[in-house]
Amino acid sequence: MNDLKNRLFLKYLYFRCKQILRLLNNSLDYSVCLTVASIILYFIKLPDYIYLIIYFTCFSFLNKRRDTKFLAKLFENKSFLMQIQENLIVFAFVTLLIYSKITDFKILIFCFLWAILSPKISFNMDILQLKIIDLLPVHIFEWKSALRKNIFSYLILYILLFLSSYHPFTYIVMLLLVLSSFIEIYKYLEPKELYKSYFQKFSLVEKYKISLKVFNVIIIPPFILFGFINTLYSEFLLLFFPVNLFILEIISRKYKNYSDNRRIIEFNPVLLIILLIKSILIVPSLYSIRNNTQIANKKISVYVSN
């Protein structure tokens with residue numbers, strides 16, 4: 001049995017190498033990018049922290065692979081050895097390119113250890129991440145789906161919102177980016193089965209209430225920090241109300257235009273600007289939300305009754 005697993009181990013490693021070579025051979029974009037990056041790393045001296053970022057980016061990409069569960073079933077305890085081996089191959093390749101130019105060799109030691117430890121850490125973090133996401137209310141299943149796909153992007157965006165609080169301009173720009181990320185979340189339409197099962201238990205108004213509660217738990221801390229740092233610009237805190245209306249606009253528009261024949265509702269920059277203007281003016285936004293809700297409730301009643 002062990003001999004069989006060892007042979008599978010070697011065959012899988014051979015398959016991965018062959019897969020990479022085939023990808024580089026068939027895709028001009030990937031091969032050009034790798035060649036240009038290799039030339040830059042080999043001939044140009046960069047700051048040491050850039051090398052650290054490159055190592056971390058490579059290992060993060062390898063550790064986030066989608067076949068981790070398959071490897072765990074196929075190789076059991078050896079699945080992490082496979083991932084460690086791939087990390088070490090990448091570590092060796094990058095190190096050969098930059099060895100003569102790196103000044104702080106503690107970075108190499110640290111990245112070598114990270115190449116070995118990161119697969120197990122990443123796996124445990126994924127399990128913890130899923131447990132945390134599962135604690136979120138069922139009413140915001142769109143958020144849960146988005147976070148499962150890429151929680152780190154949203155986490156970085158949220159951290160940047162905090163960091164931008166030092167000035168009104170940077171804060172508003174980051175706030176717009178955060179709001180645009182919610183458009184990305186709510187543009188996907190759920191399957192008819194999920195749509196029906198959800199609205200058989202809850203109303204659209206309940207979804208509004210829970211979604212706003214969770215949203216405000218997230219958005220209030222950055223607003224408080226901004227008000228604390230920028231006491232002379234306290235009027236910007238009034239944006240809290242338009243921001244809430246903007247979220248309601250997105251949700252109500254989603255269910256107003258719901259159809260089980262499509263999966264995505266298109267949002268464009270012009271529509272984003274219109275929604276923002278309506279939210280700032282408040283009254284047009286309230287009217288729009290009320291109208292969208294009435295149309296959405298009629299659709300919901302048809303689906304649920306059927």
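User: What makes Glu 142, Trp 143 and Ala 146 in α7 residues that meet α8?

Analyst: Contact means heavy atoms within 4.5 Å, and these three are among the α7 residues that meet α8 residues such as Tyr 171, Met 174 and Phe 182. The residues of this contact divide into 14 nonpolar, one polar and one charged. A word on the source: this is a predicted model, where local features need pLDDT of at least 70 and side-chain atom pairs count only at pLDDT 80 or more, while totals for chains, interfaces and linings use all residues. Residues are numbered from 1 along each chain as its sequence is written, and side-chain values use heavy atoms, leaving out hydrogens and water.

User: Why are α7 and α8 called roughly antiparallel?

Analyst: Angles over 145 degrees count as roughly antiparallel. The axes of α7 (residues 141–163) and α8 (residues 168–186) cross at roughly 175 degrees, so the two helices earn that name.

User: How do you know that the count of disulfides is zero?

Analyst: A disulfide is a pair of cysteine sulfur atoms within 2.5 Å. The sulfur of Cys 58 has its closest cysteine sulfur in Cys 111, 9.9 Å away, too far for a bond. By this rule the count is zero.

User: Why is Cys 111 called buried, and why does Cys 58 count as partly exposed?

Analyst: Happy to explain! Buried means under 20% relative accessible area, exposed over 50%, and partly exposed in between (1.4 Å probe, protein chains only). Cys 111 has 0%, so Cys 111 is buried. Cys 58 has 24%, so Cys 58 counts as partly exposed.

Conventions: Axes are lines fitted to C-alpha atoms, for helices over the stretch in contact, and angles run from 0 to 180 degrees between N-to-C directions. Helices (H or I, at least four residues) and strands (E, at least two) are DSSP runs, numbered from the N terminus. Angles under 35 degrees count as roughly parallel, over 145 as roughly antiparallel, 65 to 115 as roughly perpendicular and the rest as oblique. Ala, Val, Leu, Ile, Met, Phe, Trp, Tyr, Cys and Pro count as nonpolar, Asp, Glu, Lys and Arg as charged, and the others, Gly among them, as polar.
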